[in-house]
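I sat down with this model today to look up a few things, and these are my notes. Here is what I had open in front of me.

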Amino acid sequence: MAEPIRVVVTGAAGQIAYSLLYSIAKGDVFGKDQPIILILLDIPPMLPVLDGVVMELQDCALPLLREVIPTDKVEVGFKDIDAAILVGSMPRKEGMERKDLLKANVAIFKTQGAALDKYAKKTVKVLVVGNPANTNCLIASKSAPSIPKENFSCLTRLDHNRACSQVAMRCGVSSDNVKNVIIWGNHSSTQYPDVHHAKVNVHGSEMAAYDAVKDEAWLRGDFISTVQQRGAAVIKARKLSSAMSAAKAICDHMRDIWFGTKEGEFISMGVYAAGNSYGIPEDLIYSFPIQIKNKTWKMVDGLPINDFSRAKMDATAAELVEERDTAMDFLSQ
């Protein structure tokens, strides 16, 4: 048996974590023969809830789960970890300006970045889920200067999965028959779900998504807005956020980091934009098409970008620049 790896989940008493922890503990993410020590980090008022989550994980009697450590201390939470899934963030409350939300989250992710820098392995893979995910990820990375920027990513896989599913339903195929959709930019309503490079397998023959869907107006209209607004639509219907699908996307994202993407396929994740070939400002965490091998990601370069896509990619970049600049002001205070 391999040595156990140490995985921390923040916001571990929350909704998304509740859907996520079982999948991690049973081997769906890091492999069926990889023992795990799970560290559950949350704020002090949530510790009693965490105790209940620990009991449940114990009661699942999962052979790979070696230990569960609940804590409210970053020095315990981030010590010698191999993977960090940062789910916890300050949620937007009614009447709250985005600026106020950014300020609260800068404080959280500055602290967590510094703790990663001080206590975690330098090889740690960090996935930021808590919103605004791209900018929170950038702050965490800047606050952990000794950990390579490439080790930080933010979650746009949920948007990617939503886009795949919409195309699949439209074509009457299962979602594994759709590949190479791209989410560009911010995990927000400005993100751009792009299917110009996507392929759909219909009855055994692979074709371009535009040819499979045969409805350009939908692909350039309702499809994009449906994916952009999906989180809000779930909240409206369920009165709670999309925890189940977010947890599934986190598992997909981390599993791909650990085991790589399929040959000839790419996925979407928010990564450090330095050295990109798409004219996106470099000091951002921006979602690109990504391939992963040996736990190392690389951008899929040189895809042709038409004017329609260019405008959408630039609009979401502009939002990220504005968010970054606001966050950096708070960071320097």
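Before starting on the first helix, I fixed my term: buried means under 20% relative accessible area. I also noted that this is a predicted model.

**Entry one, helix 1.** I looked up which residues of helix 1 (residues 15–25) are buried, and found Ile16, Ala17, Leu20, Leu21, Ser23, Ile24 and Ala25. I reminded myself that an α-helix has 3.6 residues a turn, so residues three or four places apart point the same way. Next I asked what covers the buried residues of helix 1. The cover includes four strands' worth of names to jot down: strand 1 (5–10), strand 2 (36–41), strand 3 (65–71) and strand 4. Helix 2 (47–59) and helix 11 (243–259) are also included in that cover. Just past the end of helix 1, I noted Gly27, which takes a positive phi of about 100°.

**Entry two, the annotated site.** I checked the UniProt record, an unreviewed entry, and it lists Arg92, Arg98, Asn131 and Arg162 under "binding site". Do they gather at one spot or spread out? They span 71 residues in sequence and their farthest two C-alpha atoms are 24.4 Å apart, so they do not all gather at one spot. Still, I found Arg92, Arg98, Asn131 and Arg162 in the lining of the largest pocket.

I then took two of the listed residues in turn. Arg92 sits in the loop between strand 4 (83–86) and helix 4 (98–119). Setting aside neighbours within four places in sequence, I found Arg92 in contact with Glu97, Arg98 and Leu101.

Asn131 is in the loop that runs between strand 5 (125–128) and helix 5 (133–142). Is Asn131 buried, exposed or partly exposed? Its relative accessibility is 34%, so I put Asn131 down as partly exposed. With neighbours within four places in sequence left out again, Asn131 is in contact with Ser89, Met90, Asn105, Asn136 and His187.

**Entry three, the cavity.** I searched for cavities of 30 Å³ or more and the count came to one. The largest cavity has a volume of about 60 Å³. I wrote down its lining: Lys125, Glu150, Asn151, Phe152, Ser153, Ile257, Met269, Ile292, Lys295 and Trp297. Sorted by type, the lining residues are five nonpolar, two polar and three charged.

Where does the largest cavity lie? Domain 1 (5–154) and domain 2 (156–323) both give residues to its lining, so I placed the cavity between them.

Methods:
Residues are numbered from 1 along each chain as its sequence is written. This is a predicted model: local features need pLDDT of at least 70, side-chain atom pairs count only at pLDDT 80 or more; totals for chains, interfaces and linings use all residues. Side-chain values use heavy atoms; hydrogens and water are left out. UniProt positions are given in the numbering used here, feature names are shortened, and annotations may be inferred rather than shown by experiment. On a 1 Å grid over the protein atoms alone, a cavity is a set of points where a 1.4 Å probe fits but cannot get out, and a pocket is an open set with protein on both sides within 12 Å along at least five of seven lines; lining residues have an atom within 4 Å of a point. Helices (H or I, at least four residues) and strands (E, at least two) are DSSP runs, numbered from the N terminus. Contact means heavy atoms within 4.5 Å. Buried means under 20% relative accessible area, exposed over 50%, partly exposed in between (1.4 Å probe, protein chains only). Grid points are joined across faces, edges and corners, and a volume is the space filled by probe spheres set on the points. Ala, Val, Leu, Ile, Met, Phe, Trp, Tyr, Cys and Pro count as nonpolar, Asp, Glu, Lys and Arg as charged, and the others, Gly among them, as polar. Domain bounds come from an automatic or database domain assignment.
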